[in-house]
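Hi,

Here is the structure I promised to pass on. Have a look first, and my notes on its salt bridges and nonpolar cores follow below.

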Amino acid sequence: MGYEKRFEEKMQRVEELITSVEEWPDAGNREIALEVIQTLMDFHGAGIGRMMDITADAGAAGYAIFDDLVRDDLVANLLLLYGLHPADIRDRVLNAIEMVRPSLNLHEGDVELLGIENGIVNLRLKGSCDGCPSSALTLKHTIEEAIYAAAPDVTSVEVEGGVADQPEANGFVQIGKQNGRKFTECEFPVAA
């Protein structure tokens, strides 16, 4: 079994355990357990953020390392979990669209990004895929898979262009977000 599959299983188990804790009848114990979980998440996020700062401080060599990090699915998802991914959601969605564009062109179709708001990606299918339900549905699913792989923090993809089914929601939950250039603006002290 590959490490990706084991990681997915472990993350699913973490989600199950957190759900179990949230359902505890004793509010005091529930609050303590959830505070421990959040404190550990904050601590890990601060540490990973500091690693990102150190990498960024290396200049061009550091940014080359960022490229290597985000090519690894496990690391990219970890950075997304903590709101530390160096590429913003729009760039990741556009890159995903570019990856599937040759497939769309084979079907004499294309896609246009209309916008992204509150994690919802709005697209328009163009070309022969517009008005052909089976082709449009196939292309919609191809595009969604690519977008969710590149940007699991997308909550849903809405497509104009003859696709009648409802947008599918993504299950990704982002824990926290660091804003600005520096990754570590948090409560934990960081060694200088």
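**Salt bridges and cores**

In this predicted model, Arg124 and Glu112 form a salt bridge whose closest N and O atoms are 3.0 Å apart. Because Arg124 sits in strand E2 and Glu112 in strand E1, the pair ties together parts that are 12 residues apart in sequence. Both ends are partly exposed: Arg124 has a relative accessible area of 31%, and Glu112 has 29%. There is also a network, in which salt bridges with shared partners join Glu98, Arg101 and Asp110.

The structure holds eight salt bridges, and two more of them are worth a look. In helix H3 (residues 60-71), Arg71 and Asp68 lie three residues apart, about one turn of the helix, and their side chains meet at 2.5 Å, N to O. Arg71 is exposed, at 60% relative accessible area, whereas Asp68 is partly exposed at 48%. Helix H1 (residues 3-22) holds Glu16 and Arg13, also three residues apart; this salt bridge spans 3.3 Å, N to O. Glu16 is partly exposed at 40%, as is Arg13 at 45%.

Now to the interior. The largest nonpolar core has 19 residues, and those with the most contacts inside it include Val93, Val121, Leu123, Ile143 and Val157. Helices H5 (89-106) and H6 (133-150) and strands E1 (109-117), E2 (120-127) and E3 (156-160) each supply at least two residues of this core. A second, separate core has nine residues, among them Met41, Ile48, Phe66 and Leu79.

Enjoy looking around!

Best wishes

How values were computed: Residues are numbered from 1 along each chain as its sequence is written. This is a predicted model: local features need pLDDT of at least 70, side-chain atom pairs count only at pLDDT 80 or more; totals for chains, interfaces and linings use all residues. Side-chain values use heavy atoms; hydrogens and water are left out. A nonpolar core is a set of buried Ala, Val, Leu, Ile, Met, Phe, Trp, Tyr and Cys residues joined through side-chain atoms within 4.5 Å. Buried means under 20% relative accessible area, exposed over 50%, partly exposed in between (1.4 Å probe, protein chains only). Helices (H or I, at least four residues) and strands (E, at least two) are DSSP runs, numbered from the N terminus. A salt bridge is a side-chain nitrogen of Lys or Arg within 4 Å of a carboxyl oxygen of Asp or Glu.
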